[in-house]
Amino acid sequence: MDDLLNLKGKNIVVMGVANQRSLAWGVAKSLQKVGANLIFTYRKERSMAKLEKLLVDVDYEAKMIVQCDVNEDESIERAFKEIGDKVGVIHGVLHSLAFAHAEDLRGDFIETSRDGYAFAQDTSAYSLVAVAKYARPYMTEGGTITTMSYLGAERVLDGYNVMGVAKAALEASVRYLANDLGKDNIRVNAISAGAVRTLSAKGVPSFNTILNKIEEVAPLKRNITQEEVGNMTLAMMSDLSSGVTGEVIYVDGGYHIMG
Ligand code: 1JT
C-alpha cells in the first residue's frame with residue numbers, strides 16, 4: 001500500500017496547524033503514517049509552541065518548522081526559499097488556512113465591510129495563489145497542492161457569509177491553478193470538509209445546531225472526523241489520485257447531495 005501511495009520520503013509542506021483539532025493536523029497524522037517528510041508552517045508564536053508539543057506527543061520529528069504569514073508575499077517567498085534551500089524538492093503543499101473578521105461571520109452578509117471582504121479574500125483565497133506561485137520553483141518533480149473548502153462556497157449557510165464568498169473564490173482558484181500547473185505535473189484540488197469542531201468553529205454560535213442537522217440529514221447519519229478528512233486528503237496528495245486535478249472532493253458523509 002505504501003508504494004501505491006508513493007509518499008514515502010516525499011517532502012510535504014503542511015500549512016495551518018493551530019492545535020490538535022486542526023484539519024491540517026489530521027492530514028499531518030495521515031501523512032506521517034505513510035512515511036512522508038513533513039515541513040510545518042505557522043503564523044503565530046503560540047501555534048508554533050502548540051505544534052512543537054503535538055510533535056513531542058506523537059513522537060515525530062518534523063523536517064522543518066518555518067514561520068509564514070500568508071498575508072505577506074515576502075513572508076511566503078522567504079518561507080518557501082528557506083524550505084527549498086534545505087530540502088531541495090517540494091512534492092506537496094497542504095493549504096489549510098482561512099480567516100475572516102468575527103463581526104463578518106454573524107448577522108446579514110449585506111453588512112460586510114469593504115475591508116472585511118478584502119481581508120477574507122486575501123487570507124483565505126488569494127493565499128492559495130501566492131503559495132502556489134512561490135512553491136512552484138521547488139516542485140520540480142511534479143506534485144500536489146491541496147486546500148480545504150466548505151459547502152458555504154456554493155450554498156447559502158446562515159452566518160458563513162463572507163467566508164462563503166472567499167471559499168467560492170478559493171474553489172475557482174483551484175481550477176485556474178490546476179490548468180496552469182498541469183503542464184508541470186502538479187495537481188491542485190480542494191477537499192470540501194463537513195463540519196468538524198476545530199478552533200475555527202469555536203465562536204460559531206449555531207455550530208451545535210449544524211452538527212445535529214447533519215446527523216439527521218446526511219446519508220451516513222453522522223458527522224465526519226478529522227481522521228476521515230486526513231485520509232481523503234492523503235489520497236488526494238498521493239498517486240492513488242494521479243488522474244484527478246481541479247476537483248472539489250466532499251468529505252461530508254454525503255450531506256451535500258441532499259435537497
Ligand atoms: C473560518 C471560520 C473558516 C470558521 C469556519 C471556516 N470554515 C468552516 N468554518 C466553520 C463554520 C463556520 C460558520 C458556519 C459553518 C461552519 C472562522 C474564522 C474565519 C475562517 O456557519 C454556517 C460561520
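In this predicted model, a nitrogen atom of the ligand sits 2.8 Å from a polar side-chain atom of Y160. That places the pair inside the 3.5 Å cut-off used for a polar contact between N or O atoms. The ligand ends up mostly covered: on its own it would expose 500 Å², and the protein buries 89% of that. Around the ligand there are 14 residues, with Y160 listed among the closest, alongside A100, D158, S200 and V204. As for the make-up of this shell, eleven of its residues count as nonpolar, two as polar and one as charged.

Turning to the helices, α4 covers residues 73-87 and α5 covers residues 114-135. The two pack at an angle of about 40 degrees, and their axes are 9 Å apart. The crossing of α4 past α5 is right-handed. On the α4 side, the contact is made by D73, I76, E77 and F80. Their partners in α5 are Y126, A130, V131, Y134 and A135. Sorted by type, the residues of this contact come out as seven nonpolar and two charged, with no polar ones. The charged pair is D73 and E77, both from α4, since Asp and Glu count as charged.

How values were computed: Residues are numbered from 1 along each chain as its sequence is written. This is a predicted model: local features need pLDDT of at least 70, side-chain atom pairs count only at pLDDT 80 or more; totals for chains, interfaces and linings use all residues. Side-chain values use heavy atoms; hydrogens and water are left out. Axes are lines fitted to C-alpha atoms, for helices over the stretch in contact, and angles run from 0 to 180 degrees between N-to-C directions. Helices (H or I, at least four residues) and strands (E, at least two) are DSSP runs, numbered from the N terminus. A crossing is left-handed if the near helix is turned anticlockwise from the far one by less than a right angle, and right-handed if clockwise. Contact means heavy atoms within 4.5 Å. A residue is near a molecule or strand if one of its heavy atoms lies within 4 Å of it. A polar contact is a pair of N or O atoms within 3.5 Å; within protein, one must be able to donate a hydrogen and the other to accept it, and residues adjacent in sequence count only if both atoms are side-chain atoms. Accessible areas come from the Shrake-Rupley method with a 1.4 Å probe; for residues, only the protein chains shown count as cover.
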